[in-house]
Amino acid sequence: MQKKVKTIVIVANCTWNIFQFRLNIIDRLIRDGYKVIVIAPIDEYIVYRENFPEVRHIGLRTFSRSGVNPVRDLMLILELIRKYKKLKPDLVLHYTAKPNIYGGSAAYVLGIPSIAVITGLGYAFINKGVINKVTRILYKWTSGFHQKMIFENADDLGLFIDLNIARPGISMAVKGCGVDLDYYRPVAFKAHPNVVFTFIGRILYDKGIREFVEAAKIIQSKMPGKAAFWVVGEMDKENPSKINREEFNQWIHDGIIEYLGFSLDIKSIIKKSHCVVLPSYREGMPRTILEAMAMGRPVITTQTAGCRETVDEELTGYLVEARNTIALVSALEKFLSLPAEAMIEMGRLARIKAENEFDDEIIAQQYSHLISNILNKGA
């Protein structure tokens, strides 16, 4: 008698999330012999299916990333209940806040095993207010609906346990989504008239873009012609932390930063950079930092959740206090004072750290074992 193929459903807040961060998980689950179905609002990143034609992708009609609307969120739960009932998955892997909360609720109603992956606490936890309180209440209410809660850094795990939202017995931390070490390989520093510091990420205040620009302004004043400051990324119009477009355009007009726009070819940009800088207020595990490390680039980031785990201070880069422009300036000055050989050695050590801790195959294997354990318990 042929063994029934088990179905894993992956739910995320957008297809971009799947394209950017979850392909290693999808690949591993397929290799493990599972049928994989993705549920996420469809956007241009649906092209991921060109490499995974066996994956079925189902859109979400009632999903809204921004705000808390009880009626719309109830509609989302009902839509997910209908989809789960029809698909009959053996397990659902939920990514990001609303899928964790509302998808977890839908899975619980139907008795389907669920894993919640907290990919970062984002705006709702960085900023005080109603959304912060509501998000905490909802997470606490639904935490018991999951067989496992996975966090992408140890700080977020500790915070949820301290707040009595997550239970230690079902909660664990992994090191982000990992990085493809075969694709992001070390590349020698390219000659450039000055040192290139590159910010790669969504153009949000919470990512530290203002501190990056203010620090750039100070460095350019103190050391004219010594450094260039590049910004790569797109505006996130739905995010409450979105930047003021006029202010951003003024920074470009004043020559403080060179804006390279949004790019899918991050590898070529890291290749031309000497140091990748992310002064973020909080992260899950910053993928662009991992990509930079894999390519042998030192990084400067903040002493905050997610970011602090990526840097060995003064060996692979520098850690600075979040929201502190002066501290960032000091780190930039330290890097600029290094001879080229020291910059290269920092990058070499960063690659070794990426190999030892952030290989995406290691991360995928962790998920594989976890899913297998949950399904076998129910066998």
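**Close-up views of a predicted model**

**View 1. Val231 meets its partner across two strands.** Val231 stands opposite Tyr259 in E10. The model shown is predicted. Strand E9 covers residues 227-232, and two bridges join E9 to E10. The two strands run parallel.

**View 2. Six strands form an open sheet.** Follow the order E10-E9-E8-E11-E12-E13. The pairing is parallel. Which strands are the edge strands? They are E10 (258-259) and E13 (317-320). Each of these pairs on one side only.

**View 3. Helices H3 and H5 pack at an angle of about 40 degrees.** H3 spans residues 97-110, and H5 spans residues 130-142. Their axes lie 10 Å apart. The angle makes H3 oblique to H5, because angles under 35 degrees would count as roughly parallel and those from 65 to 115 as roughly perpendicular. The crossing of H3 and H5 is left-handed.

**View 4. Side by side, H3 and H5 share a contact.** From H3 come Ala97, Asn100, Ile101, Tyr102 and Ser105. They meet Thr135, Leu138, Tyr139, Trp141 and Thr142 in H5. What classes of residue make up this contact of H3 with H5? Six are nonpolar and four are polar. No charged residues take part.

**View 5. The close-ups belong to a chain with 13 helices and 13 strands.** The C-alpha atoms of the protein chain fill a box of roughly 70 × 45 × 40 Å, taken along the principal axes. The protein chain has 379 residues, so a compact globule would have a radius of gyration near 21 Å. The chain has 21 Å, which agrees.

How values were computed: Residues are numbered from 1 along each chain as its sequence is written. This is a predicted model: local features need pLDDT of at least 70, side-chain atom pairs count only at pLDDT 80 or more; totals for chains, interfaces and linings use all residues. Side-chain values use heavy atoms; hydrogens and water are left out. Axes are lines fitted to C-alpha atoms, for helices over the stretch in contact, and angles run from 0 to 180 degrees between N-to-C directions. Helices (H or I, at least four residues) and strands (E, at least two) are DSSP runs, numbered from the N terminus. Angles under 35 degrees count as roughly parallel, over 145 as roughly antiparallel, 65 to 115 as roughly perpendicular and the rest as oblique. A crossing is left-handed if the near helix is turned anticlockwise from the far one by less than a right angle, and right-handed if clockwise. Contact means heavy atoms within 4.5 Å. Ala, Val, Leu, Ile, Met, Phe, Trp, Tyr, Cys and Pro count as nonpolar, Asp, Glu, Lys and Arg as charged, and the others, Gly among them, as polar. Two strands pair if DSSP finds at least two bridges between them. The radius of gyration is taken over C-alpha atoms; the globule rule is 2.2 Å times the number of residues to the power 0.38.
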